[in-house]
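Let's take a walk through a structure together, one piece at a time. Keep the viewer open as you read.

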Amino acid sequence: MTDLSVRIGSLTLKNPVMPASGTFGPELAPLLDINQLGAIVPKSITLSARGGNQTPRVCETDGGMLNSIGIQSKGIEHYITHILPFYQDYEPPLIASISGESIEEFELLAMRLDKQPGVTALELNISCPNLRDNGQAFGMSAETTDELLRTVRKVTGKPLIAKLTPNVTRIQDIAEAAERGGADALTVANTFLAMAIDTETRKPRIGNIMGGLSGAAVKPLIVRLIYQAHQATDLPIIGSGGIMNGQDAIEMILAGATAVQIGTATFVQPNAMNIITDEITDYLERHHIDKITDLIGQVDVS
Amino acid sequence: MKLFDARLIDNHPVSRRYWQMTLDVSALDRPVQPGQFFQIRCSDNWKNPLRRPLSVYNYDHESRCLEFLYLVKGNGTQQMTLMRKGDTLSLLGPLGHGFTLPDQGALLLIARGVGVATLHALARQARSENMEVHVIMSARTPGDLLTVDTLSRLGATVYSVTDQEGTSSVESVRALSEKLICEEGISAVYTCGSSRLSKLVQELAETYHLKGELATEAHMACGIGDCYACACTIRKGNQLKTVRVCTEGPVFPISQAVLQ
């Protein structure tokens with residue numbers, strides 16, 4: 001029997017496959033076996049309601065897509081009264097992705113969710129490229145990352161996962177800062193700040209001018225970032241960016257990821273996460289590997 | 001909604017920029033309403049990962065044939081033109097809220113460009129229930145007018161207007177519409193494909209107290225309500241609300257439309 005279970009801090013997942021925040025919702029229930037997921041990650045929640053960004057909010061690019069949704073959200077109270085109850089009958093643990101406009105907002109969100117038994121861990125979205133000018137994010141500064149983690153750490157005992165931005169010069173510095181601040185794990189990474197122009201109209205192809213690039217096109221960049229972050233810290237890493245099949249997931253695990261998130265692939269194929277989980281199992285059986293954890297960071301660079 | 005494979009029966013150009021695709025959707029076991037749409041994988045080409053939302057042009061429940069009329073606009077729809085009889089396509093749908101028919105009276109449909117695709121499905125349903133249907137069809141050139149013959153064969157009365165002939169101005173369409181409203185017992189008016197004509201339909205519906213519906217388009221990623229890419233603003237009562245075209249729409253009461 002192949003063992004797909006992995007540990008993210010104090011949290012054990014029955015398999016390493018979970019959705020990337022913002023690409024998953026109750027609407028997938030008829031199309032996907034949610035109970036087969038390693039974890040449930042609903043869309044990032046903000047303290048108060050947000051309308052989101054101008055449309056168009058997505059465009060297709062070669063092998064990927066840009067999005068600039070801007071975290072349209074109904075606020076934390078709606079999340080607690082409507083979103084969390086919907087998932088309570090499903091087996092996988094729920095990781096709440098939270099997004100604040102200030103360190104204090106992250107703190108308030110964490111305090112509020114710390115009391116919720118339906119929330120198993122928190123993913124801190126310190127890296128959304130679509131909230132401030134030119135894609136500025138908390139996770140671009142090691143100092144801010146450290147301070148933000150330290151502040152949130154004080155108000156909750158739940159495992160904290162810092163979702164890093166790829167839009168930095170040295171991801172190692174941010175990974176180390178998150179670890180110092182008290183993170184239990186890292187998600188590597190959010191989307192790449194990017195831009196596309198319609199040459200016929202000369203207009204940006206998304207309303208917010210810039211957006212986040214995801215999909216197969218970014219996978220080699222993410223594999224590199226996972227490799228670098230894994231060398232810099234001992235924290236478990238959740239790889240996210242461009243996984244379209246089981247082989248892509250294995251590649252990230254070999255680079256140093258403990259678990260993986262699936263986003264764009266779900267838009268292409270709504271049951272992609274179930275298929276990817278099956279393909280990971282097939283790979284392990286084919287290679288006679290008993291435990292998926294034996295593969296973590298096992299890229300052979302000799 | 002269901003995720004399933006469909007087999008391509010036919011795929012051919014109907015004019016310079018438009019193609020029509022017919023699919024065998026035997027795997028589909030639920031009804032399809034005019035105004036609903038499907039998310040279609042254009043190809044297995046790695047360059048075009050996202051599905052394209054296409055509204056239903058025609059669905060025959062007996063034969064399980066589903067037809068789309070599509071504008072060849074970019075890479076994805078270009079790829080669709082390369083598909084041949086016997087090929088399989090992955091479909092997700094039917095999605096969204098469709099049109100609703102009036103209890104009685106005649107229908108006025110005002111279509112522009114590829115907007116006629118979704119209104120064609122509505123015309124067909126209304127005719128099958130023996131309702132009278134009038135269609136004002138607007139396009140750039142006479143060559144861009146689509147499905148005039150098909151609609152006529154269904155028993156709809158079609159009025160064509162084009163930019164090239166100088167007959168498609170909002171004022172001309174308004175005059176024609178008002179004449180039809182007064183003379184033909186129109187009780188409901190529907191539109192798709194032009195924001196100027198949508199504005200006109202909104203005014204007509206208000207002035208003449210008609211039921212009115214608008215089919216909208218949007219860039220989508222998931223198509224099922226998860227990603228919030230296709231947000232649009234509507235007016236409910238005195239409040240503006242951001243909703244998802246894919247789930248709350250794509251058909252909205254015209255009174256709710258917020259138009260420039």
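What follows is a tour of some strands, helices and backbone details, ending where the two chains meet.

Please keep in mind that this is a predicted model. A good place to begin is the sheet in chain A. In what order do the seven strands of this open sheet run? Going across, the order is β3-β15-β14-β9-β8-β7-β6 of chain A, and the pairing is parallel. The edges are taken by β3 (17-19) and β6 (95-98) of chain A; each has a single partner strand, so one side of each is left without a neighbour in the sheet. From one strand to the next, the twist averages 25 degrees. As a reminder of what holds such an arrangement together, strands of a sheet pair through backbone hydrogen bonds, either parallel or antiparallel.

Zoom in on one of these pairs. β9(A) and β14(A) run parallel and are joined by three bridges. To find your bearings there, look for Thr187(A), which stands opposite Ile238(A) in β14(A). Helices pack on this sheet too. Helix α2 (residues 103-114) of chain A touches β6 and β7 (121-125) of chain A, and its direction makes about 155 degrees with that of β6(A). α4(A) also packs on the sheet, where it touches β8 (160-164) and β9 of chain A; the angle between its direction and that of β8(A) is about 160 degrees.

Stay with α4(A) for a moment. Its buried residues are Ile171(A), Gln172(A), Ile174(A), Ala175(A), Ala177(A), Ala178(A) and Gly181(A). Which elements help to cover the buried residues of α4(A)? The cover includes α3 (142-155), β8, β9 and α5 of chain A. Just after α4(A) comes Gly182(A), with a positive phi of about 115 degrees.

That cover leads us on to α5(A). How well does the span of this helix agree with what its residue count suggests? Helix α5 of chain A has 14 residues (219-232), which at 1.5 Å a residue should span 20 Å; the C-alpha atoms at its ends are 20 Å apart, so the two agree. Within α5(A), the buried positions are Lys219(A), Ile222(A), Val223(A), Leu225(A), Ile226(A), Ala229(A) and Ala232(A). The spacing of such a list is easier to read with one rule in mind: an α-helix has 3.6 residues a turn, so residues three or four places apart point the same way. The buried residues of α5(A) pack against α4 (171-181), β9 (185-188), β10 (192-195), β14 (237-240) and α6 (246-255) of chain A.

Chain A also has some backbone angles to look at. Ile71(A) is not a glycine, yet its phi is positive, about 50 degrees. This residue sits in the loop between β5 (64-67) and α1 (76-87) of chain A. Is Ile71(A) buried or exposed? With a relative accessible area of 6%, Ile71(A) is buried. His288(A), also not a glycine, has a positive phi of about 55 degrees. You will find His288(A) in the segment after α8 (272-286) of chain A. At 71% relative accessibility, His288(A) counts as exposed, because the cut-off for exposed is over 50%.

Now cross over to chain B. β9(B) and strand β10 (residues 157-162) of chain B pair in the parallel sense over six bridges, and Met137(B) has Ser160(B) in β10(B) as its bridge partner. Together with helix α3 (residues 148-154) of chain B, β9(B) and β10(B) make a right-handed β-α-β unit. Ser138(B) lies in β9 (residues 133-139) of chain B. Its relative accessibility is 3%, so Ser138(B) counts as buried. Apart from its neighbours within four places in sequence, Ser138(B) is in contact with residues including Ala111(B), Leu145(B), Val161(B) and Leu197(B).

Chain B has cis peptide bonds worth a look as well. The bond from Gly93(B) to Pro94(B) is cis, with omega near 0 degrees, and Pro94(B) is found in strand β7 (residues 88-95) of chain B. Another cis peptide bond joins Gly249(B) and Pro250(B), with omega about 5 degrees. Pro250(B) is found in the loop between α6 (245-248) and β15 (251-253) of chain B.

Finally, bring the chains together. How many residues of chain A are in contact with chain B? There are 28 residues of chain A in contact with 26 residues of chain B. The area buried between chain A and chain B is about 2,300 Å², and carbon and sulfur atoms give 61% of it. In chain A, Glu27(A), Glu60(A) and Phe267(A) lose the most area to chain B, together 27% of what that side buries.

Notes:
Residues numbered from 1 in each chain as written. Chains lettered and ligands numbered in written order. Predicted model: local features only at pLDDT ≥ 70, side-chain atom pairs only at ≥ 80, totals over all residues. Heavy atoms only, no water. Helix = DSSP H or I, 4+ residues; strand = E, 2+ residues; numbered from the N terminus. Expected span 1.5 Å × (residues − 1). Buried < 20%, exposed > 50% of the residue type's maximum accessible area, 1.4 Å probe, protein only. Contact = heavy atoms within 4.5 Å. Pairing = 2+ DSSP bridges. Axes fitted to C-alpha atoms, helices over the stretch in contact; angles between N-to-C directions. Right-handed = clockwise from strand over helix to strand, strands pointing away. Buried area = accessible area lost by both parts, 1.4 Å probe.
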